[in-house]
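Visitor: Could you take me through this model? I would like to begin with the overall fold and then go into the interior.

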Amino acid sequence: MSQKLKLTSVSALVAASIAAPAAAELRYENGSGGWVRLYGQFNPSITRVDDGQQTETNLTDSSISASRIGVRGAQDFGANTFLFRFETSLNLPGSADIDQNGRNTSGWSRTDIRYVDFALRGNYGTFSAGQGSMAADGATSVDLSYVSEVLNSATTDVNDSFIFRNPNGALNGPTVGSTFGTFDGSRRGRVRYDTPEFSGFIAAFAYGKNVLSTTDDDDYYDVALNYAKDFGGAEFAAAVAYSVRDRSNGAKRSDTIGSASVKLQNGLSFTMAAGTRSDDSAGATDPNYVYGKIAYEQDWFSIGKTGIGIHYKDGSDFDTNGSKSKVIGIGIAQRIDPINADAYFGVQRHEHDSTAVSYQDNQSMILGARWKF
């Protein structure tokens with residue numbers, strides 16, 4: 001078994017994330033109901049992936065929640081509020097960009113722009129236009145547990161590009177990312193409407209295009225229903241969504257997704273997610289999955305709360321018809337209030353079997369710290 005250690009310029013961020021003091025909010029108010037705020041985060045991590053034959057250890061940006069920077073603004077106009085948001089990923093070398101053959105990064109490009117979003121909010125709801133979240137974005141990631149910092153339904157952010165090895169050690173299987181998915185909604189250049197909140201419910205509708213791509217001329221549209229409510233001290237939140245991708249060649253793909261989470265007063269929480277896809281493209285499969293997590297959090301230390309958890313995901317038909325995918329993971333997260341940071345550690349094992357081959361398990365580990373300002 002070989003062992004490799006790869007260090008990048010991200011190492012400078014480790015010191016920044018640990019040593020930086022808690023910064024005051026970078027916010028300016030104009031005195032007439034308007035404000036502008038600069039925000040961002042750095043999320044350096046150490047990742048270790050064992051594919052059954054070879055182990056890779058890397059210092060990199062965590063793809064669980066990539067480093068980014070942005071600006072938000074708002075201005076009141078009578079009973080209405082105009083909102084603006086710009087946000088971009090810094091595209092530092094990410095954990096999801098590494099495989100057994102090295103890194104696959106090409107530097108910042110316009111596809112790293114996350115939001116250029118304009119919105120108008122009033123008692124009629126919210127109208128949005130620009131690059132931003134479609135209605136289904138986040139529908140599989142409703143999660144009230146604190147340990148979602150490291151354990152969530154998107155299980156492949158640490159080892160997404162790593163390739164499964166077949167039983168004789170050959171590196172010719174599918175990537176981990178292609179055998180697990182959430183079907184979560186995307187960010188697009190879109191128009192979107194969110195209804196006012198009614199008894200905890202908010203509905204959203206969106207239509208969009210992939211304006212950051214020069215090769216994607218498909219149409220995207222979706223609808224989502226979100227719910228959040230407290231019940232005698234217990235928190236509950238859920239979302240369901242239906243999204244469609246109409247390809248320019250006439251093929252259609254549709255996803256039905258949802259997630260729900262409950263957190264009790266004693267710190268115990270339960271989270272689940274599920275999704276199914278129907279794709280009539282030539283050679284495509286119709287995969288599905290279920291996901292569940294149990295977590296617990298308490299204020300054991302004066303610096304902030306601590307969360308621990310375990311999760312499990314089971315999927316079928318992701319890369320080929322009849323294939324089976326499983327992942328189990330454990331994690332812990334620690335809030336560090338004095339520096340406005342969250343430290344975390346997680347271990348996962350991904351398994352994948354096609355109808356013809358049982359690939360070697362892929363095990364990943366991540367140790368990281370996310371600092372926000």
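Guide: What follows is a conversation about a predicted model, from its overall form to single residues.

Visitor: What does the secondary structure of the chain come to?
Guide: The chain has one helix and 22 strands. Its radius of gyration is 21 Å, close to the 21 Å that the globule rule gives for 373 residues, so the chain is as compact as a globular protein of that length.

Visitor: And what does the C-alpha trace span along its principal axes?
Guide: The span is about 70 × 55 × 45 Å.

Visitor: What share of the residues count as buried?
Guide: Of the 373 residues, 50% count as buried. As for contacts between residues at least 6 apart in sequence, 61% join residues at least 24 apart.

Visitor: Let us go inside. Which residues touch the most other members of the largest nonpolar core?
Guide: They are Ala135, Ala139, Phe183, Ala241, Ile257 and Tyr289, in a core of 18 residues. At least two residues of this core come from each of strand 13 (201-209), strand 14 (219-231), strand 15 (234-246) and strand 18 (288-301). Strand 15 gives the most, with three residues. Apart from this core lies another, of ten residues, including Val158, Ala333, Tyr344 and Ile366.

Visitor: Is there a general reason why nonpolar side chains would be found together?
Guide: In soluble globular proteins, nonpolar side chains tend to be buried together.

Visitor: Back to phenylalanine 183. Where is it found, and is it buried or exposed?
Guide: Phenylalanine 183 is in the loop between strand 11 (125-133) and strand 12 (187-194). Phenylalanine 183 counts as buried because its relative accessibility is 6%, and the cut-off for buried is under 20%.

Visitor: Which residues is it in contact with, sequence neighbours aside?
Guide: Leaving aside neighbours within four places in sequence, phenylalanine 183 is in contact with Asp255, Ile257, Gly275, Thr276, Arg277, Pro287, Asn288, Tyr289 and Phe318. One of these contacts is with glycine 275; the two residues are 92 apart in sequence, and their C-alpha atoms are 6.7 Å apart in space.

Visitor: What about alanine 135, which residues does that one contact?
Guide: With neighbours within four places in sequence left aside, alanine 135 is in contact with Arg192, Ala204, Phe205, Ala206, Asp222, Val223 and Ala224.

Visitor: Alanine 204 is on that list. Where is its place, and is it buried or exposed?
Guide: Alanine 204 is in strand 13. Alanine 204 is buried, with a relative accessible area of 0%. Beyond four places in sequence, its contacts are Ala135, Arg192, Tyr193, Asp194, Asp222, Val223 and Ala224. Alanine 204 and aspartate 222 are 18 residues apart in sequence and 8.3 Å apart from C-alpha to C-alpha.

Visitor: Changing topic: how many cavities of 30 Å³ or more are there?
Guide: The search of the whole structure finds one. About 90 Å³ of space lies in the largest cavity.

Visitor: What lines it?
Guide: There are 15 lining residues, and Ile64, Val150, Thr155, Val158 and Gln348 lie nearest the centre. Strand 21 (341-353) and strand 22 (362-372) each supply at least two residues of the lining. By class, the lining has eight nonpolar residues, six polar and one charged. Val158 also belongs to the core of ten residues.

Visitor: Now the second largest pocket. How much space lies in it, and which residues are closest to its centre?
Guide: The second largest pocket holds about 390 Å³ of space. Of its 16 lining residues, Arg72, Asp117, Ala119, Arg121 and Ser128 are closest to the centre. Strand 10 (113-122) is among the strands that supply at least two lining residues, and strand 10 gives the most, with four. The lining divides into five nonpolar, four polar and seven charged residues.

Visitor: Last topic, the backbone. Which sign of phi do most residues other than glycine have?
Guide: Most of them have a negative phi. Asparagine 91, however, has a positive phi of about 50 degrees, and its place is in the loop between strand 7 (80-89) and strand 8 (98-99). Asparagine 340 has a positive phi of about 55 degrees.

Visitor: Where is asparagine 340?
Guide: Asparagine 340 is in the loop between strand 20 (324-336) and strand 21. At 25% relative accessibility, asparagine 340 counts as partly exposed.

Methods
Residues numbered from 1 in each chain as written. Predicted model: local features only at pLDDT ≥ 70, side-chain atom pairs only at ≥ 80, totals over all residues. Heavy atoms only, no water. Core = buried A, V, L, I, M, F, W, Y, C linked by side-chain atoms within 4.5 Å. Buried < 20%, exposed > 50% of the residue type's maximum accessible area, 1.4 Å probe, protein only. Contact = heavy atoms within 4.5 Å. 1 Å grid on protein atoms, 1.4 Å probe; cavity = no way out; pocket = protein on both sides within 12 Å on 5 of 7 lines; lining within 4 Å. Points joined across faces, edges and corners; volume = space filled by probe spheres on them. Nonpolar A, V, L, I, M, F, W, Y, C, P; charged D, E, K, R; others polar. Rg over C-alpha atoms; globule rule 2.2 N^0.38 Å.
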